[in-house]
Amino acid sequence: DPVIDDIDEWEDELVVPDPEVVDWDAVSQMDEKIFHPDRENKIVDLLCTKGIFERMHFLMGFEDTVCALITDQEEAKALADKITDIKLAWIDKMITYYKPDMVSFQDDYAFKDGLMFSKGLFREIFKPNLKRVVDLIHSHGVIAKLHCCGKMEDLLDEYIEIGADCLDPVQPCNDIVSMLEKADGKIGLVGGLDFQNVIDSHDATEETIRAEVRRACDAYGGHGPFMLYGASVRAADPTAYAPGQVLGIVIDEYVNHVLKAGC
């Protein structure tokens, strides 16, 4: 149910979580024991889901949020600014105590066929706040990876100007080759795999999964900084990475066939 019923009353209706209530020493030490990250051989990525726009429409509902962006831009921007303030406070604490190599900050601004709202609105309300997030991450000497699903290629120049180090999941509904050429090494693109229509499909076979990995590598390799990746619905399922399972097949095809072939 919506937490904010009226955009004009958001300051009275929003309850702001305080990061100071957390015993960061105890929590971070407990998580270190649970996850025992291999810091020598693997990147430790701090995942921050439900970004600025997503948090807004989780608080208000999607329809009311996009209406507010059009009819009450001043209050919508104030709410977006406040959400960013909160996220900055939490991210700062988490970087300090968890010491990640990278922060992945997720927020979606596009459908599969285009942006959810105008590029002008993105520039006015969300771009300055995303830059604040990137600047904070960089102040800790940490890699800043931003996320936007869907056909978001029209925002690539904005992410470059923000100063993000890399962007995911760069789905194949975008013209990825053109994006790589436009990026020109100023930002790394992470993605390329068609999970929605191929790999996560109920009809997917081992053969079609391996073929999709090879297709993406052939299509996007050699055009600039690019890492193969896909936003799978199975990403949080450890069993999916086992040999013979969907993500296990993706990894096996990439590591044991594509890379060893010199691609």
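**Exercise 1. Cysteines.** Is C217 buried or exposed, judged from its relative accessible area? Work this out in the predicted model, compare the outcome with C67, and state how many disulfides are counted.

*Solution.* Begin with the cut-off, since buried means under 20% relative accessible area. C217 has a relative accessible area of 14%, and therefore counts as buried. Turning next to C67, its relative accessibility is 37%, so this cysteine counts as partly exposed. The final step is the disulfide count, which comes to zero.

**Exercise 2. The nonpolar core.** Determine how many residues make up the largest nonpolar core, which helix gives the largest share of it, and which residues Y159 touches beyond its sequence neighbours.

*Solution.* The largest nonpolar core has 69 residues, and those with the most contacts inside it include L69, Y109, F126, Y159 and I187. Helix 6, spanning residues 119-139, contributes nine residues to this core, which is the largest share. For Y159, set aside the neighbours within four places in sequence; the contacts that remain are Y109, F122, L130, L146, H147, C148, M152, A164, L167 and I187. Among these partners, Y109, L167 and I187 are also listed with Y159 as residues having the most contacts inside the core.

**Exercise 3. Salt bridges between separate elements.** For the pairs D157 and K119, K145 and D168, and E253 and R214, give the N to O distance, the elements that are joined, and the accessibility of each partner.

*Solution.* As background, side chains of opposite charge can pair when their charged atoms come close. The count for the model comes to 18 salt bridges, and three of them are worked through here, one step to each.

Step one concerns D157 and K119, whose side chains meet at 3.2 Å, N to O. D157 lies in helix 7 (residues 156-162) and K119 in helix 6, so that the pair links parts of the chain 38 residues apart. D157, at 19% relative accessibility, counts as buried, whereas K119, at 24%, counts as partly exposed. Both residues also belong to a network of salt bridges that further includes R123, K127, E158 and E161.

Step two concerns K145 and D168, which form a salt bridge at 2.3 Å, N to O. Because K145 lies in strand 5 (residues 143-147) and D168 in strand 6 (residues 166-168), the pair ties together parts that are 23 residues apart in sequence. Both partners are buried, K145 with a relative accessible area of 8% and D168 with one of 2%.

Step three concerns E253 and R214, with a distance of 3.0 Å, N to O. The pair connects helix 11 (residues 246-258), which holds E253, with helix 10 (residues 206-220), which holds R214, across 39 residues. E253 is buried at 4% relative accessibility, while R214 is partly exposed at 37%.

**Exercise 4. The sheet.** In what order do the six strands of the open sheet stand, and which strands are at its edges? Describe also how strand 2 joins strand 5.

*Solution.* The six strands follow the order 1-2-5-6-7-8, with parallel pairing. Strand 1 (45-48) and strand 8 (226-229) stand at the edges; each has a single partner strand, so one side of each is left without a neighbour in the sheet. On average, neighbouring strands are turned by 25 degrees against each other, direction ignored. Within this order, strand 2 (residues 102-106) runs parallel to strand 5 and is joined to it by five bridges, and V103 stands opposite A144 in strand 5.

Note on methods:
Residues numbered from 1 in each chain as written. Predicted model: local features only at pLDDT ≥ 70, side-chain atom pairs only at ≥ 80, totals over all residues. Heavy atoms only, no water. Core = buried A, V, L, I, M, F, W, Y, C linked by side-chain atoms within 4.5 Å. Buried < 20%, exposed > 50% of the residue type's maximum accessible area, 1.4 Å probe, protein only. Helix = DSSP H or I, 4+ residues; strand = E, 2+ residues; numbered from the N terminus. Contact = heavy atoms within 4.5 Å. Disulfide = S-S within 2.5 Å. Salt bridge = Lys/Arg side-chain N within 4 Å of Asp/Glu carboxyl O. Pairing = 2+ DSSP bridges. Axes fitted to C-alpha atoms, helices over the stretch in contact; angles between N-to-C directions.
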